[in-house]
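Me: I would like to learn how to read the features of a structure like this one. Please show it, and then take the features in turn.

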Amino acid sequence: MSPGEKLDPLPDTFILQPPVFHPVVPYVTTIFGGLRAGKMVMLQGAVPLNARRFQVDFQCGCSLHPRPDIAIHFNPRFHTTKPHVICNTLHGGRWQAEARWPHLALRRGTSFLILFLFGNEEMKVSVNGQHFLHYRYRLPLSRVDTLGIYGDILVTAVGFLNISPFVEGGSEYPVGHEVPCSRALPQGLWPGQVIIVRGLVLPEPKDFTLSLLDEAAHVPVTLRASFADRTLAWVSRWGRKKLILAPFLFYPQRFFEVLLLCQEGELKLALSGQGVGATSLGQQALERLRELRISGSVQLYCVHY
């Protein structure tokens, strides 16, 4: 992508709300487009050693007075003799009946990764990759447009996913794909097709590569991120490197999303919701692609195409 060149916008349905890193708590933010079935919110952070409680609220607005309805109130409590989680709904200024889960999967002084997955009738929550609870909606999910985080919690990152990364026919929660990871592309790539890769960067990363192989096992193009010099580049089958002139959006222990959108003869690239460039291969070369390979210093949660 040459300086001054404009990248056509990606379709709205594929744009990821940019992640938020190290927000100050209490933290309140708008959820772009609101919540709907298939959306997921990832919360990464740690519980302080002296934590008493914290809460994650999915709110219907952000006013202070009157207090907005809270469709989903997720409230871990550590200060009781038996730590537990409370979920509830605030409607018209009144709390409804509490739902309580014992055997709290969070511990003081430890880090966590919490996933909130929103289905048609209920929210499911996993902690560090293990299912923890589900909570049926008491208010319409479509009313939720705000996320609020309060209390004794250190937040490293908040990620917003617009497309459910769960493998069809697979488990409820994303399991880590082995790296290196290989996926077949039996029909090649055609205009409108999208490759989505989501995961976490490891604590001491070296590199990350996403390669596309054709039917002769040649590699027409590779996307390579180098953490040593913080560069992102397209690499051709002959090893020629073309730097992508965009901010380096991979950080240790943070979420990332790589999105490749196939258009006529080219691949457009977005990282964590930001369009950053494109590479031209020709439509015939795209149709001859047969394999996607991913390697490097990452933990994968989603490989979707």
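The turns below go through the folding elements, the cores, the ring pairs, a few strands and one buried residue.

Me: What kind of model is this, and how are residues numbered?
Reply: It is a predicted model, in which local features need pLDDT of at least 70, side-chain atom pairs count only at pLDDT 80 or more, and totals for chains, interfaces and linings use all residues. Residues are numbered from 1 along each chain as its sequence is written, and side-chain values use heavy atoms, with hydrogens and water left out.

Me: How many helices and strands does the protein chain have?
Reply: Helices (H or I, at least four residues) and strands (E, at least two) are DSSP runs, numbered from the N terminus. Here the protein chain has one helix and 24 strands.

Me: What share of the residues is buried?
Reply: Buried means under 20% relative accessible area, exposed over 50%, and partly exposed in between, with a 1.4 Å probe and protein chains only. Of the 305 residues in the protein chain, 51% are buried.

Me: Which residues of the largest nonpolar core touch the most other members?
Reply: In soluble globular proteins, nonpolar side chains tend to be buried together. A nonpolar core is a set of buried Ala, Val, Leu, Ile, Met, Phe, Trp, Tyr and Cys residues joined through side-chain atoms within 4.5 Å. The largest one has 42 residues, and Leu-43, Phe-58, Ile-114, Phe-116, Phe-118, Met-123 and Leu-133 touch the most other members. Apart from it lies another core of 34 residues, including Phe-208 and Cys-262.

Me: How are the ring pairs read, and how many aromatic pairs are there?
Reply: Rings of Phe, Tyr and Trp (its six-membered ring) pair if their centres lie within 6.5 Å; planes under 30 degrees apart count as stacked, over 60 as edge-to-face and the rest as tilted. The structure holds 12 aromatic pairs. Phe-54 and Phe-112 are stacked, because their ring centres are 6.3 Å apart and their planes are at 10 degrees. Phe-54 is in strand S4 (residues 54-60) and Phe-112 in strand S9 (residues 111-118), so this pair ties together parts that are 58 residues apart in sequence. The rings of Phe-58 and Phe-118 have centres 5.0 Å apart and planes at 75 degrees, so that pair is edge-to-face. Both Phe-58 and Phe-118 are buried. Elsewhere, ring pairs link Phe-208, Phe-227, Phe-248, Phe-250 and Phe-256 into a cluster.

Me: Why is strand S10 called largely enclosed, and what does it pair with?
Reply: Five of the six residues of S10 (residues 122-127) are buried, so the rest of the structure largely encloses it. Two strands pair if DSSP finds at least two bridges between them. S9 and S10 run antiparallel and are joined by five bridges, with Phe-116 opposite Val-125 in S10. They form a hairpin with three residues between them. S10 also pairs with strand S11 (residues 130-136), in the antiparallel sense over six bridges. That hairpin has two residues between the strands, and Asn-128 takes a positive phi near 50 degrees there.

Me: Which backbone oxygen does the side chain of Asn-88 reach?
Reply: A polar contact is a pair of N or O atoms within 3.5 Å; within protein, one must be able to donate a hydrogen and the other to accept it, and residues adjacent in sequence count only if both atoms are side-chain atoms. The side chain of Asn-88 reaches the backbone oxygen of Gln-96 at 2.8 Å. Asn-88 lies in strand S6 (residues 84-91) and is buried, with a relative accessible area of 3%.
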